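This report goes through a protein structure, with attention to its pockets, one of its helices and a few single residues.

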Amino acid sequence: MTFKNLKLIPSILRVLKEENYKNPTPIQAKSIPFILNGEDILGSAQTGTGKTAVFAIPIIQHLSNHQRNLNGKQKILSLVITPTRELAIQIGESFKIYGKYTNVNNTVIFGGVKQRSQTNILKRGVDILVATPGRLLDLIEQGYISLQDIKYFVLDEADRMLDMGFINDIKKILAKLPRNRQSLFFSA
């Protein structure tokens, strides 16, 4: 199987070729078609098997077809929650790479740093938000973030998040999401 068999758009195939991706890993080959078809996923695979690409590539493909809001700021359409700032940054970089030939943009927010640069980006609008739970809830409370337009929700490292005691934060976030969304949960 090749990435072309997954029915990916030319802009994503171009990036994958540039990044020297040859063939999809087993979790990519099994999951990407279901995600592109709008189905919810609960996936588990070892670290290093390309789980970020499993959700990032289909989300970018879906959002590249989405009509941009020209009369106001772009609404957040995809939310990725992850337990650590390091993982959030890594995921944000992957979205940037995979989406470089599309009009899809993303940003990363996490605690432990001043929020001004993060809120300035949010004010301009983003398609995809990668966040740690604490900073996300804080910026929601401050009115910088609304989750009412989320179409794609990813909980990455779901098992680790629960082990780290994020269950209450996750419940709060889930309560703010629209019922009609695609949910993608991944663990190692």
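The text below describes a predicted model.

**Pockets**

The largest pocket has a volume of about 280 Å³. Its lining is made up of 15 residues, and T47, G48, K51, T52 and Q90 are the ones that lie nearest the centre of the pocket. Two elements, α3 (51-64) and α4 (85-98), each give two or more residues to this lining. The largest share comes from α4, with four residues. By character, the lining of the largest pocket divides into four nonpolar, seven polar and four charged residues.

The second largest pocket holds about 170 Å³ of space. Its lining consists of T2, F3, K4, L13, L16, K17, Y21 and K22. Of these residues, four are nonpolar, one is polar and three are charged.

**Helix α6**

Helix α6 covers residues 133-141, and its buried residues are P133, R135, L136, L137, L139 and I140. Which elements do the buried residues of α6 pack against? They pack against three strands, β2 (78-81), β3 (106-109) and β4 (128-131), and against the helices α5 (116-124), α7 (158-163) and α8 (167-176). After α6 comes G143, which has a positive phi, near 90°.

**Single residues**

Q61 belongs to helix α3. Its relative accessible area is 9%, so Q61 is buried, the cut-off being under 20%. Apart from neighbours within four places in sequence, Q61 is in contact with K7, L8, I9, I12 and L36.

Two residues other than glycine with a positive phi are N20 and E157. N20 is found in the loop between α1 (10-18) and α2 (26-36). E157 sits in the loop between β5 (152-155) and α7. Are these residues buried or exposed? N20 has a relative accessibility of 52% and counts as exposed, because exposed means over 50%. E157, at 12%, counts as buried, because that value is under 20%.

The table sets out the loop residues.

| Residue | Phi | Loop | Relative accessibility |
|---|---|---|---|
| N20 | near 65° | between α1 and α2 | 52%, exposed |
| E157 | near 55° | between β5 and α7 | 12%, buried |

Helix α7 thus appears twice in this account: the buried residues of α6 pack against α7, and the loop that holds E157 lies between β5 and α7. Helix α3 also recurs, as an element that gives two or more residues to the lining of the largest pocket and as the helix in which Q61 lies.

How values were computed: Residues are numbered from 1 along each chain as its sequence is written. This is a predicted model: local features need pLDDT of at least 70, side-chain atom pairs count only at pLDDT 80 or more; totals for chains, interfaces and linings use all residues. Side-chain values use heavy atoms; hydrogens and water are left out. Buried means under 20% relative accessible area, exposed over 50%, partly exposed in between (1.4 Å probe, protein chains only). Contact means heavy atoms within 4.5 Å. On a 1 Å grid over the protein atoms alone, a cavity is a set of points where a 1.4 Å probe fits but cannot get out, and a pocket is an open set with protein on both sides within 12 Å along at least five of seven lines; lining residues have an atom within 4 Å of a point. Grid points are joined across faces, edges and corners, and a volume is the space filled by probe spheres set on the points. Ala, Val, Leu, Ile, Met, Phe, Trp, Tyr, Cys and Pro count as nonpolar, Asp, Glu, Lys and Arg as charged, and the others, Gly among them, as polar.
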